[in-house]
There are 2 protein chains.
Amino acid sequence: MKKSKTTGEILREEREKKGLLLRQVAAMLDIDTAILSKIERGERKASKEQIVKLAEILELDEEALIVQYLSEKILYEIKDEELGSKALKAAEQKMKYNNKNNS
Amino acid sequence: MKKSKTTGEILREEREKKGLLLRQVAAMLDIDTAILSKIERGERKASKEQIVKLAEILELDEEALIVQYLSEKILYEIKDEELGSKALKAAEQKMKYNNKNNS
DNA sequence: TTTATCTTGACAATAAGTGTCAAATATAAT
DNA sequence: ATTATATTTGACACTTATTGTCAAGATAAA
């Protein structure tokens, strides 16, 4: 069982597959090369807007990339929490419940 | 099926059950009354430390209160996201997976 | 060794979070 | 109705995170 890829790893892989330079992609995102470099190496988080643009630029499935990105964000939120796993389950329960009642 | 309580609602209920004033509990937390008022009404979020202290002050089960608090925080993170539910499930998967491999 | 790419760290600007304070409202007791 | 107490509200200040630029240093390709 090999470790699942981080968002950054996915982005770097796809950029390189396409033979694009940091400089080029960063320009399309309208940010400095340094930031994209950091995003790809996981040193910074991308914004939602940047993720959407990146999916388009790199021709990745947008929904899949967003889910990947959001789940990483959620895990980051509870990374130091002993009760993280329980909290996740509780969140799912509440979400399920709310959907029932709002629809 | 009635709506599940928010953290703020729980805190207010328990404080009132104990006959404590905002002023008193706020003093124990070393914050202004105004903030506690806002926390109870959901206008602001408590910090982790405050939640822990509140569990003690109000004699609530600490673990349960923390889970409640964290799950609310997680849901807040994805509240505007169409893909929130999928992201939650993905996060759980990753968490499961990581536990397998780190232990 | 030159040239292009990428990485790093110091810094700036802005946004978000966390608190105080005082005035306005609401609640309760005379 | 007045007074006293409790809570709420909003303006403000302070601190910390986030998001970016820039320039210098490291890496890799020619």
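The questions and answers below concern a predicted model of two protein chains with DNA strands C and D.

Q: What rotation lays chain B on chain A, and what kind of axis does the relation describe?
A: Chain B superposes on chain A with an RMSD of 0.1 Å. The operation is a turn of 180° with a shift of 0.0 Å along the axis. That is therefore the relation of a two-fold axis.

Q: Which residue of chain B comes closest to the rotation axis?
A: The distance is taken at the C-alpha atom, and the closest approach in chain B is 3.1 Å. The residue at that distance is I74(B).

Q: What percentage of the interface residues of chain B are also interface residues in chain A?
A: The copies meet through the same surface. This follows because the share of interface residues of chain B that are also interface residues in chain A is 100%.

Q: Which residues come nearest to DNA strand D?
A: There are 16 residues around DNA strand D. Sugar and phosphate make up 59% of the strand atoms that come within 4 Å of the protein. Both chains contribute to the nearest residues, which are D32(A), R44(A), R12(B), R23(B) and R41(B).

Q: Which residue has a backbone N or O atom 3.0 Å from a phosphate oxygen of DNA strand D?
A: Two side chains also approach phosphate oxygens of this strand: an N or O atom of R12(B) lies at 2.6 Å, and a polar side-chain atom of Q50(A) lies at 3.2 Å. The backbone atom at 3.0 Å belongs to L22(B).

Q: Which element gives the largest share of the surface near DNA strand D?
A: The elements that give two or more residues to this surface are α3 (33–40) of chain A and α1 (7–17), α2 (22–29) and α3 (33–40) of chain B. By class, the surface has six nonpolar, three polar and seven charged residues. The largest share is four residues, and the element supplying them is α3(B).

Q: Which residues are closest to DNA strand C?
A: DNA strand C is surrounded by 16 residues. Of its atoms within 4 Å of the protein, 56% belong to sugar or phosphate and the rest to bases. The closest residues are R12(A), R23(A), R41(A), D32(B) and R44(B).

Q: Which side chain has an N or O atom 2.6 Å from a phosphate oxygen of DNA strand C?
A: The side chain of S37(A) places an N or O atom 2.8 Å from a phosphate oxygen of this strand. For the side chain of Q50(B), the corresponding distance is 3.2 Å. The side chain at 2.6 Å is that of R23(A).

Q: How many residues does α3(A) give to the surface near DNA strand C?
A: At least two residues come from each of α1 (7–17), α2 (22–29) and α3 of chain A and from α3 of chain B. The surface divides into six nonpolar, three polar and seven charged residues. The largest share comes from α3(A), and the number is four.

Q: How are α2(B) and α3(B) oriented to each other?
A: Their axes are 8 Å apart and the packing angle is about 105°. The helices are therefore roughly perpendicular.

Q: Which residues of α3(B) meet α2(B)?
A: The contact has five nonpolar, two polar and two charged residues. From α2(B) come L22(B), R23(B), V25(B), A26(B) and L29(B). They meet T33(B), L36(B), S37(B) and E40(B).

Q: How are α1(B) and α3(B) oriented to each other?
A: The two axes come within 7 Å and cross at roughly 120°. The helices are therefore oblique.

Q: Which residues of α3(B) make the contact with α1(B)?
A: The contact divides by class into two nonpolar, two polar and four charged residues. On the α1(B) side are G8(B), E9(B), L11(B), R12(B) and R15(B). The residues from α3(B) are S37(B), I39(B) and E40(B).

Terms used
Residues numbered from 1 in each chain as written. Chains lettered and ligands numbered in written order. Predicted model: local features only at pLDDT ≥ 70, side-chain atom pairs only at ≥ 80, totals over all residues. Heavy atoms only, no water. Near = heavy atom within 4 Å. Polar contact = N/O pair within 3.5 Å; in protein donor to acceptor, adjacent residues only side chain to side chain. Nonpolar A, V, L, I, M, F, W, Y, C, P; charged D, E, K, R; others polar. Axes fitted to C-alpha atoms, helices over the stretch in contact; angles between N-to-C directions. Parallel < 35°, antiparallel > 145°, perpendicular 65-115°, else oblique. Contact = heavy atoms within 4.5 Å. Least-squares fit on C-alpha atoms with pLDDT ≥ 70 in both.
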